[in-house]
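Good morning, colleagues. I would like to take you through one structure, beginning with its overall fold and ending with the surroundings of a ligand.

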Amino acid sequence: MTTVPFSVAVVIPAKDESARIAETIRGVRTIAGVATVVVVDDGSSDGTAAIAAREGAEVVRHQRNHGKADAMMSGLGRVNGMRRVGRLDPDTAVLFVDADLEASASAVGALVVPVSSGAADLTIANLPTQRGSAGGHGLVVGLARRGIEELTGWSPNQPLSGMRCLSPAAITAATPFARGWGVEVGMTVDVLDAGLRVVEVPCDLQHRVTGADWRSQVHRATQYRDVALALGVRRLRRRLGPG
Ligand SMILES: O=c1ccn([C@@H]2O[C@H](COP(=O)(O)OP(=O)(O)O[C@H]3O[C@H](CO)[C@@H](O)[C@H](O)[C@H]3O)[C@@H](O)[C@H]2O)c(=O)[nH]1
Ligand SMILES: O=C(O)[C@H](O)COP(=O)(O)O
């Protein structure tokens, strides 16, 4: 039996991640089938872009900060360009990985298997309990989970998880992305709406947790707003119907 070579393009949105980006790139490089690693420097004020380039990543730079969803879209743009000029196979899947996972990033490889075998079109990492303090009350997670369930009937364990592998069909269904921190919720709803299969996969990842200080609470408020907006747009689409 011949095995079909499977290729995956890793896209890493990164804002001020100079302390972690090198280890994260090295981590994802250990995953079988990785054809390229694209780092999108989303207006960092540190050395993120230079370090990523030194590690051999394709680097896309935003002159100013646009937010995570736009960074992901820019990464996809680079991947599509590489497909067009024949540097990537047309069937290449895309694996979105946060920049702050460091060496644990190698564990996102578990997301690739169900997509490469055709068992799923979108896989989402489920993380174990994280080290360090957590200062949230589950408000954003609860809003996201209930909203996805209301719109699709499916209730994810970790609706905000950003580590995701998408088949070409899922990429078509999920783009353009919802803005800012609404990207994951919008993607899940849009891919399910297209009749595609979504699966959560346990991955042994450790990331920088959001704390309990005021900056962290402002971050949660922004997440809440973006998730609410992504859900609101999709509720409206339901009401207005197709076309
Ligand atoms: O303006 C920004 C801010 C962040 N990032 C990058 O986006 C990723 C996630 O950011 P982070 O600050 O680690 O987000 P968290 O608060 O940990 O967010 C959680 O929840 C988000 C949804 O609200 C998901 O996107 C994340 O994957 C998930 O870890 C990291 O690689 C960042 O460098 C950008 O590219 N642009
Ligand atoms: O810390 C987190 O998990 C996110 O920032 C979401 O916060 P939450 O606890 O309000 O859902």
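**Fold, helix packing and a ligand shell**

The protein has eight helices and seven strands. Its radius of gyration is 17 Å, close to the 18 Å that the globule rule gives for 243 residues, so the protein is as compact as a globular protein of that length. Please keep in mind that this is a predicted model. The C-alpha trace spans about 45 × 45 × 35 Å along the principal axes.

Let me turn to the sheet. In what order do the seven strands lie? The order is 3-2-1-4-6-5-7, in an open sheet with mixed pairing. Strand 3, residues 58-62, and strand 7, residues 198-202, are the edge strands, each of them pairing on one side only. From one strand to the next, the twist averages 20 degrees.

At the strand 7 edge, the partner is strand 5, residues 122-126; these two strands run parallel and are joined by five bridges. Within this part of the sheet, alanine 125 stands opposite valine 201 of strand 7.

Two helices deserve mention together with the sheet. Helix 1, residues 21-29, packs on the sheet and touches strand 1 (8-14) and strand 2 (34-42). The direction of helix 1 makes about 160 degrees with that of strand 2. Helix 3, residues 68-84, lies across strand 1, strand 2, strand 3 and strand 4 (93-96). Relative to strand 1, helix 3 runs at about 150 degrees.

I now come to a helix pair. Helix 7, residues 183-193, packs with helix 8 at an angle of about 25 degrees, and their axes are 8 Å apart. With angles under 35 degrees counted as roughly parallel, helix 7 and helix 8 are therefore roughly parallel to each other. Helix 7 contributes Val185, Gly186 and Val189 to the contact, while helix 8 contributes Val227, Ala230, Leu231 and Arg234. By class, this contact has five nonpolar residues, one polar and one charged.

Helix 8, residues 214-240, also leads us to the last topic, since helix 8 and helix 5 (139-152) each supply at least two residues of the shell around ligand 2. Which helix gives the most to that shell? Helix 5 does, with three residues. The residues around ligand 2 are Ala134, Gly136, His137, Gly138, Leu139, Val140, Val141, Thr210, Arg220 and Gln223. Sorted by class, the shell has four nonpolar, five polar and one charged residues.

Thank you for your attention.

Notes. Residues numbered from 1 in each chain as written. Chains lettered and ligands numbered in written order. Predicted model: local features only at pLDDT ≥ 70, side-chain atom pairs only at ≥ 80, totals over all residues. Pairing = 2+ DSSP bridges. Helix = DSSP H or I, 4+ residues; strand = E, 2+ residues; numbered from the N terminus. Axes fitted to C-alpha atoms, helices over the stretch in contact; angles between N-to-C directions. Contact = placed C-beta atoms within 7 Å. Near = placed C-beta within 6 Å. Nonpolar A, V, L, I, M, F, W, Y, C, P; charged D, E, K, R; others polar. Parallel < 35°, antiparallel > 145°, perpendicular 65-115°, else oblique. Rg over C-alpha atoms; globule rule 2.2 N^0.38 Å.
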